[in-house]
Amino acid sequence: MTHLVAMLALDEVVGFDLGTPPQLFSAARDEHDERLYAVRVCTPGGRPVRSAVQFTITPDHGLELIAEADTVVVAGVQYGARVLADGVIEDDVRDALRAAAARGARVMSICTGAFVLAAAGLLDGRRATTHWLHADNFRRLFPHVELDPDVLFVDEGPILTSAGVGAGIDLCLHVVRSDHGAEVANRAARRCVVPPWRPGGQSQFIVRPVPDVADTSTAAARAYALEHLHEPLELRALARHARMSVRTFTRRFREETGVSPGKWLAQQRVDRARHLLETTDLGIDQVARHAGFGTGAALRQQMSAHLGVSPSAYRTTFRSAG
């Protein structure tokens, strides 16, 4: 059966936050190109709501849609929304969200939609995130939530939150990947022309200085590394491939990616291993060699550090989801 997603829009809704989930979930198709999700928009009382940039949205549904939904997504709101000022939402919105969570529906927020979930009492004692610009205000209003404003999204089982704007894309693709595996999520990303995956723990805000004109990009070295992940890749060799000193290469690499070469390479290898675990029947040791970790023990250590699960548990989860 098609999975029903209810998008909740409140006054001062952010248009991007409201439009992104329907686009991405609608792009998730099975091998017969049949849609796996049906997305509908609702508002309190089915009334029109004003967007943050002064256009009006007329929904097809009221809050009764939330009672039917498998997943509820709360779009972010902008300055002027009451919940950002005093942490209060309407009683009917609070009750609908709490009832959805109580019956086991997945509940998500995009950007400042986390304020709405917190006002409904769904984030107390949980780890969550929101747009970094609103972090101080969030902590003031909701001191019982474990806020982490330095990540793209947080998956707390049935309750998920994301940071601002583009991070909503990452969260939606994460959900599609969790529900149906990497291939479906990757196809949805290609259809929407967006990156297929960024880890939830990636920083929201990375300062990337404009490089000097004389500097050379590390892009060629990164492309070379991706083609040779199964081989030993030493920092000195990558720097030589980029025609830089190790010191210059390391500095430029961090400016362009936000992380060190070693951390980036480990993440790419974990990504390669994940893809192989999801799409092939290769043994754990074979996956480790193809991904460049060398041994199954090294792969288990890296996956535990990055994802908190073993390779076999990861494969079981995503094979079941597919």
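Asp-136 counts as exposed because its relative accessibility is 62%, and in this predicted model Asp-136 forms a salt bridge with Arg-139 in which the closest N and O atoms are 3.8 Å apart. Arg-139, with a relative accessibility of 40%, counts as partly exposed. Both residues belong to helix α5, where they lie three residues apart, about one turn of the helix.

**Salt bridges**

The count of salt bridges in the model comes to 15, and three of the pairs are set out below.

| Pair | Closest N and O atoms |
|---|---|
| Asp-136 and Arg-139 | 3.8 Å |
| Arg-222 and Glu-256 | 2.7 Å |
| Arg-252 and Glu-256 | 2.5 Å |

Arg-222 and Glu-256, whose closest N and O atoms are 2.7 Å apart, link distant parts of the chain, since Arg-222 is in helix α8 (residues 219-227) and Glu-256 is in helix α10 (residues 246-257), 34 residues apart. Both Arg-222 and Glu-256 are buried. Glu-256 also forms a salt bridge with Arg-252, at 2.5 Å between the closest N and O atoms, and these two residues are separated by about one helical turn because they are four residues apart in helix α10. Arg-252 counts as buried because its relative accessibility is 3%, and buried means under 20%. Through salt bridges that share partners, Arg-222, Arg-251, Arg-252, Glu-255 and Glu-256 are joined into one network.

**Nonpolar cores**

The largest nonpolar core has 40 residues, of which Leu-8, Ile-66, Val-83, Leu-97, Leu-123 and Phe-138 touch the most other members. Two or more residues of this core come from each of β1 (3-8), β2 (37-42), β5 (71-74), α2 (82-86), α3 (91-102), α4 (113-119) and α5, and α4 gives the most, with six residues. For Ile-66, once its neighbours within four places in sequence are left aside, the contacts are Ala-6, Leu-8, Cys-42, Val-72, Ala-96, Leu-97, Ala-100 and Arg-103. A second core, separate from the one just described, consists of 35 residues and includes Ile-57, Cys-111, Ala-163 and Ile-169.

**Strand β5 and its partners**

Strand β5, which gives residues to the largest core, runs parallel to β1, and four bridges join the two strands; within this pairing, Val-5 stands opposite Thr-71 in β5. Four bridges also join β5 to strand β6 (residues 106-109), again in a parallel arrangement, and here Val-72 stands opposite Val-107 in β6. In a regular strand, side chains alternate between the two faces of the sheet. In β5 both faces are covered, with Thr-71 and Val-73 on one side, Val-72 and Val-74 on the other, and all four of these residues buried.

**A nonpolar surface patch**

On the surface, Tyr-79, Trp-132 and Leu-133 form a nonpolar patch that together presents about 360 Å² of accessible area. Leu-133 is located in the loop between β7 (127-128) and α5 (135-141), and Leu-133 counts as exposed because its relative accessibility is 53%, where the exposed class requires over 50%. Helix α5, which follows this loop, is also the helix that holds Asp-136 and Arg-139 and one of the elements giving two or more residues to the largest core.

Notes:
Residues numbered from 1 in each chain as written. Predicted model: local features only at pLDDT ≥ 70, side-chain atom pairs only at ≥ 80, totals over all residues. Heavy atoms only, no water. Patch = residues over 30% accessible without salt bridge, like charges linked within 9 Å, V, L, I, M, F, W, Y side chains within 5 Å. Areas by Shrake-Rupley, 256 points an atom, 1.4 Å probe, with all protein chains shown as cover. Salt bridge = Lys/Arg side-chain N within 4 Å of Asp/Glu carboxyl O. Buried < 20%, exposed > 50% of the residue type's maximum accessible area, 1.4 Å probe, protein only. Core = buried A, V, L, I, M, F, W, Y, C linked by side-chain atoms within 4.5 Å. Contact = heavy atoms within 4.5 Å. Pairing = 2+ DSSP bridges.
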